[in-house]
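Colleague: Please take a close look at the strand pairing in this model. I would like one connected account, with the overall figures as background.

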Amino acid sequence: MRKLGFEVLFLAVFLAMLCVSPGAFAQTSGRCGNNVTYVLDDNGVLTISGTGAITSHPWVAGDVIRVVIGNGVTSIGNCAFSGCSSLTSVTIPDGVTSIGDQAFYNCTSLSTVTIPENVTQIGIDAFRGCSGLTSVTIPDSVTRLGCVHFMNAST
């Protein structure tokens, strides 16, 4: 009888493990700033909305394929999308005025970035390691450009 109990327990644990996807414990929504929230959908689209700065990055980097930042966001914080190696595109709205240090560090699948006219600061190494980057549009409004920000990018 004991042997049967162990087998049933083992089978129950095994079946439970099959039902849990690897990303099931990752956060798919929450806060990433004082008044800024995010939702990461099943297709890898990270939508950020609210007002103010992105100050944290609680999402799992490998799950992010596309980023859509809402109009109320004013700043992309340090390391915000660092390590998002599957990230292919990002939409930065006109309301953003600064991009922090290493904001897109090692986003190796990112190919093009258009920085809006209101951005005045781009931090150190903001695009370092973006080896897939082929086009970046930097407006004349940028008055502070961090050093070696495109190191290891193909541009």
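Modeller: Accessible areas here come from the Shrake-Rupley method with a 1.4 Å probe. On that basis the protein has an accessible surface of about 8500 Å², and 56% of this belongs to carbon and sulfur atoms. The model is predicted, and totals of this kind use all residues. Of the 155 residues in the protein, 34% are buried, where buried means under 20% relative accessible area. Among the contacts between residues at least 6 apart in sequence, 18% join residues at least 24 apart.

The protein has 1 helix and 12 strands. Along the sequence the helix comes at the start of the pattern, and the strands follow it.

Now to the pairing itself, beginning with strand β2. Strand β2 covers residues 36-40, and its side chains alternate between two faces. V36, Y38 and L40 point to one face and are buried. T37 and V39 point to the other face and are not buried.

Strand β2 has pairing to β1 and to β3. Strand β1, residues 29-31, runs antiparallel to β2 and is joined to it by 3 bridges. Within this pairing, S29 stands opposite V39, which belongs to the face of β2 that is not buried. The connection from β1 to β2 is a hairpin through 4 residues.

Strand β3, residues 45-50, also runs antiparallel to β2, with 5 bridges between them. Here L46 in β3 is the bridge partner of L40, one of the buried residues of β2. The hairpin of β2 and β3 has 4 residues between the strands, and in it G44 takes a positive phi near 85 degrees.

In general, strands of a sheet pair through backbone hydrogen bonds, either parallel or antiparallel. The β2 pairings just described are antiparallel; the next sheet is built in the parallel sense. It is an open sheet of 5 strands, in the order β4-β6-β8-β10-β12. Strands β4 (52-54) and β12 (144-145) stand at its edges with a single partner strand each, so one side of each has no neighbour in the sheet.

At the β12 edge, the partner is β10, residues 121-122. Strands β10 and β12 pair in the parallel sense over 2 bridges, and Q121 stands opposite R144 in β12.

Key: Residues numbered from 1 in each chain as written. Predicted model: local features only at pLDDT ≥ 70, side-chain atom pairs only at ≥ 80, totals over all residues. Heavy atoms only, no water. Buried < 20%, exposed > 50% of the residue type's maximum accessible area, 1.4 Å probe, protein only. Pairing = 2+ DSSP bridges. Contact = heavy atoms within 4.5 Å.
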